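Please read the following account with the sequence and the three-dimensional view open side by side. The paragraphs move from one local feature outward to the rest of the chain.

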Amino acid sequence: MLKIKQLAKEFGGLRAVDDVSFAVGKGTITGLIGPNGAGKTTIFNMIAGMLPPTSGEIFFDGERMDGKPDYYAFRCGLVRTFQIPRPFGEMTVLENLMMAPKHQIGELFWNTWFRMGAVRAQERLLRDQAREILEFLNLDHLAAEAAKNLSGGQHKLLELGRVLMSDPKMILLDEPGAGINPTLLGEIIERIAALNERGITFLIIEHNMDLVMNLCRPILVMANGRLLMEGDAATVRNDPRVLEAFLGGVPA
Ligand SMILES: Nc1ncnc2c1ncn2[C@@H]1O[C@H](COP(=O)(O)OP(=O)(O)O)[C@@H](O)[C@H]1O
Ligand SMILES: [Mg+2]
């Protein structure tokens with residue numbers, strides 16, 4: 001579904017991503033791990049169209065993505081979590097979801113005057129979709145709560161909910177498990193697995209090895225801007241190069 005070929009990114013003299021090629025199969029939950037500074041987030045930024053590659057190619061669903069404007073990936077259904085604006089703290093959880101969709105007829109001035117019926121129908125549709133997603137994420141009891149009152153973990157779920165409003169084909173998650181208590185982490189793992197069963201492909205950067213080993217297959221390992229290896233959890237866990245990358249000499 002996603003293919004990157006010999007992708008590279010230089011910052012000044014630093015080669016943050018150095019000739020990386022890999023593919024993410026449709027329907028997989030692919031993991032991307034590696035020590036701090038390995039180049040993972042830089043790869044995400046390039047895939048999501050937020051950062052132009054120095055060289056290399058990116059394909060999504062067979063279509064060339066690099067060199068396209070920054071909203072293009074999002075329109076194609078390839079969505080990165082914080083591509084969506086941060087939640088509006090004063091607005092309710094439900095309203096935050098309703099702000100997130102792809103195309104909102106009501107935003108256009110003329111439409112609000114001349115197509116009132118269509119706008120109302122769309123708003124109802126949005127509200128239904130938002131409620132369904134909140135229910136799915138076990139956030140429905142917080143629908144009327146101001147977003148600023150959510151815990152860190154609930155914020156992550158809200159962010160996922162906002163992404164889901166855009167009806168994505170593939171979601172890029174950058175550290176969904178960071179700073180989350182174990183109970184909520186288990187819930188997020190479960191939700192990701194359920195969404196995957198409904199057909200959404202995932203590429204996940206994560207440091208929490210419980211999450212990675214439970215959820216991701218295959219797992220890609222990066223170090224120093226390069227792809228070190230790819231394999232299932234058992235293979236990755238037992239590979240001496242991976243141990244060395246995480247324990248040896250790589251600056252944090
Ligand atoms: N905008 C930037 N300007 C300069 N250097 C950057 C920039 N973004 C990232 N880097 C550098 O690129 C390297 C890879 O960073 P990053 O992709 O964030 O790694 P990771 O997400 O794996 O921790 C790091 O050395 C980082 O300091
Ligand atoms: Mg990072």
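Pro-218 sits in the loop between α8 (209-215) and β9 (219-223), in what is a predicted model. The peptide bond that joins Arg-217 to Pro-218 is cis, with omega at about 0°.

The loop that holds Pro-218 leads into β9, a strand that is mostly covered, since 5 of its 5 residues are buried. In a regular strand the side chains alternate between the two faces of the sheet. In β9 both faces are covered, with Ile-219, Val-221 and Ala-223 buried on one side and Leu-220 and Met-222 buried on the other.

The pairing of β9 can be followed through Leu-220. Strand β3 (residues 29-33) runs parallel to β9 and is joined to it by 3 bridges, and within this pairing Leu-32 has Leu-220 as its bridge partner in β9. Strand β10 (residues 226-231) pairs with β9 in the antiparallel sense over 5 bridges, and here the bridge partner of Leu-220 is Glu-230. The strands β9 and β10 form a hairpin with 2 residues between them, and Asn-224, which lies in the turn, has a positive phi of about 50°.

Val-221 of β9 also leads into the interior of the model, as it is among the residues with the most contacts inside the largest nonpolar core, a set of 65 residues in which Ile-47, Leu-134, Ile-171, Leu-172, Phe-202 and Ile-204 are likewise listed. This core draws at least three residues from each of domain 1 (1-84 + 168-252) and domain 2 (87-165). In soluble globular proteins, nonpolar side chains tend to be buried together. Ile-171 gives a view of the packing within the core: once its neighbours within four places in sequence are left aside, Ile-171 is in contact with Val-79, Val-163, Ile-200 and Phe-202.

The division of the chain itself is worth tracing next. Domain 1 is made of two stretches, 1-84 and 168-252, while domain 2 covers 87-165, and the centres of the two domains, taken over C-alpha atoms, are separated by 27 Å. Their contact takes 13 residues from domain 1 and 11 residues from domain 2. On the side of domain 1 that touches domain 2, helix α7 (residues 182-197) gives the most, with 4 residues, and the residues of that side divide into 8 nonpolar, 3 polar and 2 charged.

Which residues lie around ligand 1? The shell consists of Phe-11, Leu-14, Ala-16, Gly-34, Asn-36, Gly-37, Ala-38, Gly-39, Lys-40, Thr-41 and Thr-42. Two elements, β2 (14-24) and α1 (40-47), each give two or more residues to this shell, and the largest share, 3 residues, comes from α1. By class, the shell has 4 nonpolar, 6 polar and 1 charged residues.

Two backbone details in the strands remain. Gln-6, in strand β1 (residues 2-11), has a positive phi of about 45° although it is not a glycine, and Gln-6 counts as exposed because 12 C-beta neighbours lie inside 10 Å. Asp-19, found in strand β2, likewise is not a glycine and has a positive phi, of about 60°; with 14 other C-beta atoms within 10 Å, Asp-19 is partly exposed.

Key
Residues numbered from 1 in each chain as written. Chains lettered and ligands numbered in written order. Predicted model: local features only at pLDDT ≥ 70, side-chain atom pairs only at ≥ 80, totals over all residues. Near = placed C-beta within 6 Å. Nonpolar A, V, L, I, M, F, W, Y, C, P; charged D, E, K, R; others polar. Domains from an automatic or database assignment. Contact = placed C-beta atoms within 7 Å. Core = buried A, V, L, I, M, F, W, Y, C linked by C-beta atoms within 7 Å. Buried ≥ 20, exposed ≤ 12 C-beta atoms within 10 Å, placed from the backbone. Pairing = 2+ DSSP bridges.
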